[in-house]
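Biologist: I'd like a close look at one small part of this model, with enough of the surroundings to make sense of it. Could you walk me through it?

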Amino acid sequence: MAATAQVSWTQIRTLTSASIRSRYRNTWAGLLWVILSPVLMFSAQSYAFKTIMKIHFENYPLFLLIGLLPWIFMTQSLSMCTTLFASQARMLKSFPIHPLVLLLSVLIDNFVNFSISFVLILGALLVFMNGALPHNLWLLPIPLLSVFMATCGLTWIFATSQVFFYDLKFILDFVMSVAFFLTPIAYPVQFVGPEHMWIVDVNPFAILLAPIQALSGEILPDNYGFLLARSFLLAISLLAMAALYWRSRRNMIYFRL
């Protein structure tokens, strides 16, 4: 019965709402950690790179914010969702619920947490910068959509693979730790030497974050349309790959759970 279940938006909405309510009901700890975790990481990295390492870049705190928080959203989603199908095996085999429903409910829940943190830190930056935020920020939801789509595709692929390769999560955690330093998040891409630019060019996370980080400047770069199109092309490709991979493996999933 579970194998024939369809993706239900009602189920996604119900599970997401239940997850959010359970986290914040009768406790301040959950809410504070959701807010403080990215705030502390942003503050520490902003101080380290701007003050200690003296990176001079226009609107650097904003540049770091709009790169770091989407990165946190992606890494947390990958960490939580990679083992999701395996850890929820009993539910998937007992109830008519599509695995993608569980996946999307976790992603939406994480995106809500990301949005709360982002708005709060952006509000603080607005005060710090005397309201002088770039007017291009109103475009932010567009590249964030490609990040969400790409994260959905990646988590779908890894959650499916984890059912067959049980050590995948540990490998993925290591890869993401290395990828953080190879992705222009805490440093602008202009700081990367020509001999190392190929790393950025083939880095999927750099491709996804580039149109977001470009919004931190007062003027959009001339190739912004290309950056945005490339990001969406990658996101759509990952979703298509995830769907094809799931289709090829779904009949074996429930036997391995």
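Biologist: Let's take Ser216: does it count as buried or exposed, and at what relative accessibility?

Modeller: Keep in mind that this is a predicted model. Ser216 has a relative accessibility of 3%, so it counts as buried, the cut-off for that being under 20%. As for where it sits, Ser216 belongs to the loop between helix H10 (204-213) and helix H11 (224-256). Its side chain reaches back to the backbone oxygen of Gln213, at 2.8 Å. Setting aside neighbours within four places in sequence, Ser216 is in contact with Asn59, Leu62, Phe63, Ile66 and Pro134.

Now for the helix that runs from 60 to 81, H3. At 1.5 Å a residue, its 22 residues should span 32 Å, and the end C-alpha atoms are 31 Å apart, which agrees. Of those 22 residues, 19 are buried, so H3 is largely enclosed by the rest of the structure.

That leads to the nonpolar core. The largest one has 72 residues, and the members that touch the most others are Leu65, Trp71, Met74, Phe85, Leu103 and Phe118. Several helices supply at least two residues each, among them helix H2 (29-52), helix H6 (99-128), helix H8 (168-182), H10 and H11. H3 gives the largest share, with 14 residues.

H7 is another of the helices that feed this core. Helix H7 covers residues 141-162, and its 22 residues should span 32 Å at 1.5 Å a residue; the end C-alpha atoms are 31 Å apart, which agrees. With 18 of its 22 residues buried, H7 is largely enclosed by the rest of the structure too.

Back to the loop's other flank, H11. Met252 is placed in that helix, and at 39% relative accessibility it counts as partly exposed. Met252 and Val163 are 89 residues apart in sequence, yet their C-alpha atoms are 9.6 Å apart in space.

A second buried polar residue is worth a look alongside Ser216. Thr16 is found in helix H1 (residues 9-24), and its relative accessible area of 6% makes it buried. Leaving aside neighbours within four places in sequence, Thr16 is in contact with Ser105, Ile108 and Asp109.

Charged pairs are quick to cover, since the count comes to 1 salt bridge. The side chains of Asp173 and Lys169 form it, at 3.0 Å from N to O. Both residues lie in helix H8, 4 residues apart, which is about one turn of the helix. An α-helix has 3.6 residues a turn, so residues three or four places apart point the same way. Asp173 is partly exposed, with a relative accessible area of 30%.

Zooming out, the protein chain has 11 helices and 0 strands. Buried residues make up 49% of its 257 residues. Among contacts between residues at least 6 apart in sequence, 80% join residues at least 24 apart. The accessible surface of the chain comes to about 13300 Å², and 70% of that belongs to carbon and sulfur atoms.

So, to return to your residue: Ser216 is a buried one, in the loop between H10 and H11, with Leu62, Phe63 and Ile66 among its contacts.

Notes:
Residues numbered from 1 in each chain as written. Heavy atoms only, no water. Expected span 1.5 Å × (residues − 1). Buried < 20%, exposed > 50% of the residue type's maximum accessible area, 1.4 Å probe, protein only. Polar contact = N/O pair within 3.5 Å; in protein donor to acceptor, adjacent residues only side chain to side chain. Contact = heavy atoms within 4.5 Å. Core = buried A, V, L, I, M, F, W, Y, C linked by side-chain atoms within 4.5 Å. Salt bridge = Lys/Arg side-chain N within 4 Å of Asp/Glu carboxyl O. Areas by Shrake-Rupley, 256 points an atom, 1.4 Å probe, with all protein chains shown as cover.
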